[in-house]
Amino acid sequence: MSSVELKSIVKKYGEVTAVASIDLSVESGEFVTLLGPSGCGKTTTLRMVAGFIRPTSGTLSIGDVDMTGVPPHQRTVGLVFQNYALFPHMTVRKNVEFGLKMQKVLTSERGPRVQEALELVQLEALGERMPAELSGGQQQRVALARALVIRPDVLLLDEPFGALDKQLRDHMRVELRELQQKLKISTLFVTHDQDEALSMSDRIVVMSEGKVSQVGKPTEIYEKPQTRFVADFIGRSNILVGKVESKGKTINAEGLILPNKGNVVAGAEGISVMIRPECVEITQSGSKATSTSADVKGKVTASIYLGSIVQYSVQINKGPNLVVTQNNTGSENLKNLTVGDDVDVSFPDSAIYILPG
Amino acid sequence: MSSQEHYGSRLPYKFLIGVVTLVIFFLEAPLIILVIQSFTAESYLSFPPPSYGIRWYKEVLTSEDWLNSISLSLTIAAIVTPLSLVLGTMAAFALDRGPKKLKNGLQTIMIAPMVLPHIVLGLGLFKMALQLDIDDSMLAYIPAHLTITIPFVVISVGASLQTFEQSLEEAARSLGANRFWAVWYITLPIIRPALIAGGIFSFIISFDEFIITFFLTTFQRTLPIEMFSTLMYQVKPSIAAVSTLTLAVTAFLTAMLILRGQVTSGDKVIK
Amino acid sequence: MSRNSDENYGALWLLTPTVLLYVATFFVPIIMLGVLSFARFEMSVTTIGFYFDNYIKIFSDGITLKIFFQTVRLSLVITFWCLILGYPVALMMRSCSPKMKMVLLFCVVSPLLTSIIVRNVAWLLILGRSGIINDTLIQWGLTSKPLPLMYNEFGVILAVVHVYLSFMVLPLFGALNSINSSIEEAASSLGAPSWRVFLSITLPLSLPGIMAGCTLVFILSMGVYLTPVIMGGNFVLTLPMLITESVREQYDWPFASAMALMLLLAIGFMVILSSGVQKLVGRR
Ligand SMILES: Nc1ncnc2c1ncn2[C@@H]1O[C@H](COP(=O)(O)OP(=O)(O)OP(=O)(O)O)[C@@H](O)[C@H]1O
Ligand SMILES: [Mg+2]
């Protein structure tokens, strides 16, 4: 059974196409993330699921019931907004209770359910506070409790951590994921932050310009992007255009000769070769006596210190300029690399990925 | 704000203070003098009064003419205020939530009666009332007053809706409230200061209205009309007492408005 | 922020009661006045038709046109004084402490909400023949006869300015408040004396507020009835008084309607003029 299913959903605003035919499903208990750059139609899609926007065409079902034209208040969805949208004139408890009141749950039943929801987000002590008296993280939790208390078929979250600082965001990420797994609640999560998407989701739906670019598990999305867009958008990557040479043995990617491990057919041209920066190995030329398989040589043209990693630009001799990152292990070798140094560059098999198509 | 220090030490600033003091004196002194004179114990008006008392207040509050006109004015204002709030708020919602391309045009229509001189509006309303044979009755006063009070509600509520975070209403709807209940439980409580402002404006405007009602009445007399006719006949201390009474009511309501910050900004809704 | 729902035509239903009300109390009555202004009034009988009698009468009876121009002139004088007195207050409100601003705001807004008639009564008690000023002057022997302080233009202008000053201050304050004071600070840090800063920066930038305030006060003054009657007796005649009289005393609806339309026309002209000026200035 799928909790949410969108079939060829289209949304147009006059001339503007916000969502151009989307197929998407959230299975029961699954955490699905909509990931994509700003303006790609994530919010629009989510709001169609919530019922605030009526699709131009297509069908939408929640819990296997067709909900395409049903108004929001008749859908049981829990919605969490980026700005929390807590009712400023009600206490935390009243905020959480509101949904139960609207669904005509008996007064006697409401108390325990509100309590339960507040305990779930560890806010049982703050029930009598007003929203303005809470920190950002606490407000976020109230919003979550308020959405969960009505026991929704699906939980919808639109960039819920956008307003939090980095540390709190990382913390809330873990908390939300744990909560979601505990309650086994189907969740549709919107973000443009790939770390968030990769770390939390069962499945990720990458969107671009109103269309689905790729659907898959985080590992699939990261390691086996199906389109140039996904490869570009997820992580840092070098994408080179190459052609197969030497009777199918090597690939010439903008001057960089790589072994054809993917066994692309001989004679193919215009293939996209992705090189993940963190997989490339670089060492100072001549520093390692054992460097027998140093495939190519290059020169460091820029170096950016990012704390846990160091990012270099390496100009390959007679080849392209590559971004290479190295974990900051504190090794002297790494520290000694500076702009202008000659380096040996080697590409393990895992570093090279040929995009399909 | 920061220009304060920079003006502070200069001669022109002192000059400015002088002028402003005079203007404020010009604005407020007559009213203060009026209040003082209303407490005269004499049978004529003079300043300062030779002796003080509440004689004229007693007279006003026991005179049938004054009481009748006060009660007529209060009744009209009491009927007009809630109606004006309901209609004006509905209109403000329609402008805020309706199609954006129609908004400016419709808003102009909604506040049009405000820019029309009341003398012209009164003349037209009088003609209409005669035509329908409802002049000199509530049926004429109430719609007439509504026409001049509704624009104030539309403006006050509209300003506050503009800054209202609509996701709050959406949150309520996602929790199972239909549009009406979402507005009822969430939007209206939050824009309450604007509603209060609109209500106070409506009440005062209706209570003070003269020229339109003057056209519409023949025998009935609202307070301003009673004051006017008394004034045309003779200036007695009772007129000062009545004036002070109305002044007290409106000053109280005005102070409430300003203290709630609703006159300068209809937007500080969420503290 | 999250207003990207479709255009909601359904919400327009909420306008229905107000629109119906306005049709009955505003649109139809104005149209009726328009129709009536072309009617003929003879021997107390009104004949609907398309006659120019009333408009011809306005221009040829020798008195109506004079009173119309007198109304315009008085309105202009009132507007002028409101501007002169209101501008310093608005300036002050902008640059004083928040507490002081509250006080000034109360002084400016409270007249808006106090009945006109009450304020006229107040002036009556001050300017009248046996008002405070004349009483005091006679007591001190400075004059033997009461000075004519009211029942003349002076009294009317004074009282109307008192009533409408607030309508000038609020738009002025709005305009001044929206001027970024760093522009002025920059100018004075470059050595411009404060009067130069005022004339070359503050004043021109507050022009929209000046135009708005003047238009508003002018419109209001054109339609004022009560104050000229109370403060002017029958010595200062204005168009609204003429309109009222011709309806209430002579039942001459067509003529009153024509005068009302003329009033509207003058106001419309003023509004167009001021928006034209504003556009011109804005383009510069
Ligand atoms: N009411 C509307 N009228 C016209 N176009 C709209 C409307 N709402 C959204 N759009 C357009 O639809 C597209 C998708 O918008 P949407 O809000 O879904 O993007 P998003 O993926 O949520 O972006 P972000 O990450 O910035 O929130 C955008 O190009 C936007 O300009
Ligand atoms: Mg969005």
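pLDDT is the predictor's confidence in each residue, from 0 to 100. You'll want that in mind, as what you have open is a predicted model, where local features need pLDDT of at least 70, side-chain atom pairs count only at pLDDT 80 or more, and totals for chains, interfaces and linings use all residues. For finding your way, residues are numbered from 1 along each chain as its sequence is written, chains are lettered from A and ligands numbered from 1 in the order in which they are written, and side-chain values use heavy atoms, with hydrogens and water left out.

**Stop 1: chain B, coloured by confidence**

Select chain B. Its mean pLDDT is 86, and 91% of its residues reach 70 or more. Now pick helix 4 (residues 64-97) of chain B, where confidence is highest, at a mean of 95, then helix 1 (residues 3-8) of chain B, where it is lowest, at 44. (Helices are DSSP runs of H or I with at least four residues, strands are runs of E with at least two, and both are numbered from the N terminus.)

Try residues 1-9 of chain B next: pLDDT stays under 50 there, and the model gives this stretch 17 contacts beyond four places in sequence. A contact means heavy atoms within 4.5 Å. Residues 262-271 of chain B are also below 50, with 16 contacts beyond near neighbours in sequence. Where pLDDT is low, don't read the predicted coordinates in detail.

**Stop 2: B:Ser46**

Stay in chain B and click B:Ser46, in the loop between helix 2 (11-38) and helix 3 (55-62) of chain B. Is B:Ser46 buried or exposed? B:Ser46 counts as buried, because its relative accessibility is 12%; the cut-offs are under 20% relative accessible area for buried, over 50% for exposed and partly exposed in between, using a 1.4 Å probe and protein chains only. Leaving out residues up to four places away in sequence, B:Ser46 touches B:Gln37 and C:Asp135. For a long jump, draw a C-alpha to C-alpha line from B:Ser46 to B:Asn178: they are 132 residues apart in sequence and 63 Å apart in space.

**Stop 3: C:Thr227**

Over to chain C. Find C:Thr227 in helix 11 (residues 226-232) of chain C. C:Thr227 is buried, with a relative accessible area of 1%. Show its neighbours: among the residues it touches are C:Ile116, C:Asn120 and C:Val156.

**Stop 4: chain A, all of it**

Select chain A and you'll see nine helices and 20 strands. The C-alpha trace spans about 80 × 45 × 35 Å along its principal axes. Buried residues make up 51% of the 357 residues in chain A.

**Stop 5: strand 8 of chain A**

Zoom in on strand 8 (residues 187-191) of chain A, where five of the five residues are buried. Turn on the side chains: A:Thr187, A:Phe189 and A:Thr191 point one way, and A:Leu188 and A:Val190 the other.

Which strands pair with strand 8 of chain A in the parallel sense? Strand 3 (residues 31-35) of chain A does so over five bridges, and strand 7 (residues 154-158) of chain A over four. Pairing here takes at least two bridges found by DSSP. To spot the partners, look for A:Phe31 with A:Thr187 and A:Leu157 opposite A:Phe189.

**Stop 6: strand 19 of chain A**

Finish at strand 19 (residues 342-346) of chain A. Four of its five residues are buried, so this strand is largely enclosed by the rest of the structure. Strand 15 (residues 281-284) of chain A pairs with strand 19 in the antiparallel sense over four bridges, with A:Glu281 opposite A:Ser346. Strand 16 (residues 296-305) of chain A is also joined to strand 19 by four bridges and runs antiparallel to it; there, A:Lys299 stands opposite A:Asp342.
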